Structures are given as C-alpha cells and as structure tokens.
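Here is a short set of exercises to work through with the model open beside you. Try each task before reading on.

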Amino acid sequence: MRHRQAIALLALIGFFIALYLWLYKIGAIGELKCGTGACEAVQTSRWAVWFGVPVAFYGVVGYAALFLVALVGVQPAFAMRRAPTLLLTALASGGLLFTLYLTYLEVFVIHAICRWCVGSAVVITVIWVVSMIGLKTWGEGSGEWFDAGVGSSPP
Amino acid sequence: MKPFYALLGLVVVVGGGWLVWASRTTPAPAPAASRLVPAAADGFRGYTLGSEAAPVEVVEYADFQCPHCGEFAVLQLPTIREQLIATGKVRWRLRDFPLGGFPWSRVSALAAQCAGEQGKFWPMADTLFLTQSEWGRSSRNPSGFFRDLARGLGLDRDKYDACVASQRYAGRIEASYQEGIALGVQGTPTFFVNGRLKTDNNASSDRFKQVVDSVIAAQHKR
C-alpha cells in the first residue's frame, strides 16, 4: 500500500516535469528554465521526437498511467489485489528502459545533459526501485490490511 | 490516507503553479515566419550585423532610450560582436520597439533610420546608446543633439535633415513595433534566437554564447 502511495506521488512529480518539457516542445512555453543551454540542445535535437511525437509526450502519458494505476491501487477495493503492483512494475520497467535509452543518447550522442531529463530519470528510477520493493514484499506480513484501512485488525 | 491526498494536492498546486509561472515569464515562442505580419510597406526587416550565412540569427527588439538596452549595447554587445558575430556564428538584427513610456524613443529611432539611409545605421545606433545618459533624461527634444551626432558621423546633413523632417521612416518604425507586439514582445530588450523568444532579464554575452553554441551543436547533430 505504501509503495503505491509513494509511486503515485513520484509519478505526479514526473508528470509535471514531462508536461513542462512537452509544453516547451509544442511552443506553449518560450524558454526552459535550465541554468545552462544544454536543455535546448537536447530538446531541439532530432531525438527529441520519436515516431513524430515529442518524447516528452511519452513521458506525460507514462507518468499519467503510473499515477492512475497507483491511485486506483490505493483504493480499498483494490488494496488487496496484486494486479496494480504487477502493472506498476511493468510500467516502471518500461519507463526505466526508455529513460536509459534517452540518457544514453544525451551522454554519448547529443553530448548534452538536460537537467529536467535528469530529474525525470531520477524519478522513474526511484519509482522502479519502489515498485520492485512492492513486488518483492507483496503479501509479507499483514501490514497491507492496516495500511489499506480495510476491515478490522486480524487476530 | 489524508496526508497522502494532502501531499498529492501539494504537488498539484506546486507543479501547476510552476507551469503557469513558466508560461507567463517565458511566453510562447515566435510564430513561424510565414505567419508574421508584414514588417513594413518597403519590406524592411531591420538592419543586420554579421554574415548572411551565419547559422544563428538573433533578433533584438530595442528602444534607444531604454536604459537596459543601453546597458546591454554598451556592456555586452561589444563582446558578442567579437565572439559571435565576427566569427560568423551569429547574424544580429536590430528591430525598433519604441516603448510608450519614453518621450524620445521614436525620435531616436528615426535618427538611427535616417543615418541608416546613408549607410551609418550601426555607428548611429552605437552612438545613441553610448550617449543615452546625455539625451535620455532630458525633457528637451534631443533632435538637435542627434543632428550633431549625425554630423559627427560624417552624414550629409541636408539629406539627414530632410529625412527627419519628412518622418520618412516613421511607418517602418511603427511596423517594427507592431510586429514586436504580434510576436509577444512586452519590453526591451527582447531577443529571439532563431525565432525562439528569449526573455532573459540578465542577458549577457556569456549567456548568448551558451545559447548560440548549444543551438549550433544541435544543428550539427541533425
């Protein structure tokens, strides 16, 4: 239960980072608050668009999906179901792999680091770690009952 | 569960607030050139410095009486000319954006345009900024002062006087101002780097070098 709450919070943070980058990419925001010029080098590179869609938009969708699944997972009706945990782990793993690929591009191909991308990479990495912990500790102890606030304390 | 939802709400408020703030402090970039309003009846789009083949174009909207523009022109532009313009990296385009709050904005812009008619726009622009403290704070019309500057730069005085008297380029200045408004310019100096709006309040030669280098690096990667 706790891990789903943590993921929901982290995903919401990641969602706003991705949304910020996406709004910049579509021209709704004029300049990235970056500190260095590297953000623009990354965001204006040809790798900032994937299959015709800005990469940041994949982030928006991915984080939104993680957030919604985690939010549903903390509801009493789903607290004892394992499916949200499995789905969160799958989404986080996909997001982490995609992020690793993008980080590789930044470091070895574009030769520029976007701080917001690094922020997003940190967020998805932590989400993945939390999701793995959630997966491994699933069913251990009775804490899930208390955390979920469902029913009365087991005897 | 309540602290959890409170934290979610906090993230939404902070994140949403950040996005609103970011969109207001750095408004949307310039529309594509094809959507620009006509700059002037004569198609004039501002005087430029630097190579036509430069990979980066910086468009500066400036007011000759604006202190920030003067400070930028005197303290930062010389380095930019040396490091970015003279090296062929940047083409610099100066557009008029006479602010309503200064009485001599349009008079000074006209003086620069009339000097430009005789091929001395940049020397006049530099001199106007350099001497801004001498005429910018005066309540007297500085036309006579500008006339002396023109003479000092070796301009044909009769031609200059005729140009100023006829307000020959007033329409050009107004068109530049209107184009700036259409592009979202709200103050001066405002810069566009390859069409993207830059509203860096601390515009410096170092900052421009960073941005220009990153844009060029990105172009090389494409």
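**Exercise 1.** Against which strands and helices of chain B do the buried residues of helix 2 of chain B pack?

*Solution.* Keep in mind that this is a predicted model. Begin by picking out the residues of helix 2 of chain B that are buried: B:Cys69, B:Gly70, B:Phe72, B:Ala73, B:Leu77, B:Ile80, B:Leu84 and B:Ile85. Next, look for their packing partners. Among the strands of chain B these are strand 1 (47-49), strand 2 (56-62) and strand 3 (90-96). The helices they pack against are helix 4 (121-130), helix 5 (132-135) and helix 9 (205-221).

**Exercise 2.** Compare the span of helix 2 (residues 67-85) of chain B with that of a straight helix of 19 residues, and then find the kink.

*Solution.* Start with the straight case: at 1.5 Å a residue, 19 residues would span 27 Å. Now take the end C-alpha atoms of helix 2 of chain B, which are only 23 Å apart. Then follow the helix to B:Gln76, where there is a kink of about 50 degrees. Shortly after that kink comes the proline B:Pro78.

**Exercise 3.** Which members of the largest nonpolar core touch the most other members?

*Solution.* This core holds 51 residues, and the ones to pick are B:Val90, B:Ala111, B:Ala112, B:Cys114 and B:Met124. Our helix from the earlier exercises returns here, as helix 2 of chain B gives the core its largest share, seven residues. Apart from this core lies another, of 47 residues, including A:Phe15, A:Ile17, A:Leu88 and A:Cys117. For a closer look, go to B:Ala111 and leave aside its neighbours within four places in sequence. The contacts of B:Ala111 are then B:Met124, B:Leu128, B:Phe146 and B:Val164.

**Exercise 4.** Describe each chain by its elements, its buried share and its contacts between residues distant in sequence.

*Solution.* Take chain A, with its six helices and two strands. From the N terminus, their order is α-α-β-β-α-α-α-α. Of its 155 residues, 47% are buried. Among contacts in chain A with a separation of 6 or more, 77% are between residues 24 or more positions apart.

Repeat the steps for chain B, which has nine helices and five strands. Along the sequence they read α-β-β-α-β-α-α-α-α-α-α-β-β-α. Buried residues make up 38% of the 222 in chain B. For contacts in chain B between residues at least 6 apart in sequence, 84% join residues at least 24 apart.

Note on methods. Residues numbered from 1 in each chain as written. Chains lettered and ligands numbered in written order. Predicted model: local features only at pLDDT ≥ 70, side-chain atom pairs only at ≥ 80, totals over all residues. Helix = DSSP H or I, 4+ residues; strand = E, 2+ residues; numbered from the N terminus. Expected span 1.5 Å × (residues − 1). Bend = angle between axes of the 7 residues up to and from the residue. Buried ≥ 20, exposed ≤ 12 C-beta atoms within 10 Å, placed from the backbone. Contact = placed C-beta atoms within 7 Å. Core = buried A, V, L, I, M, F, W, Y, C linked by C-beta atoms within 7 Å.
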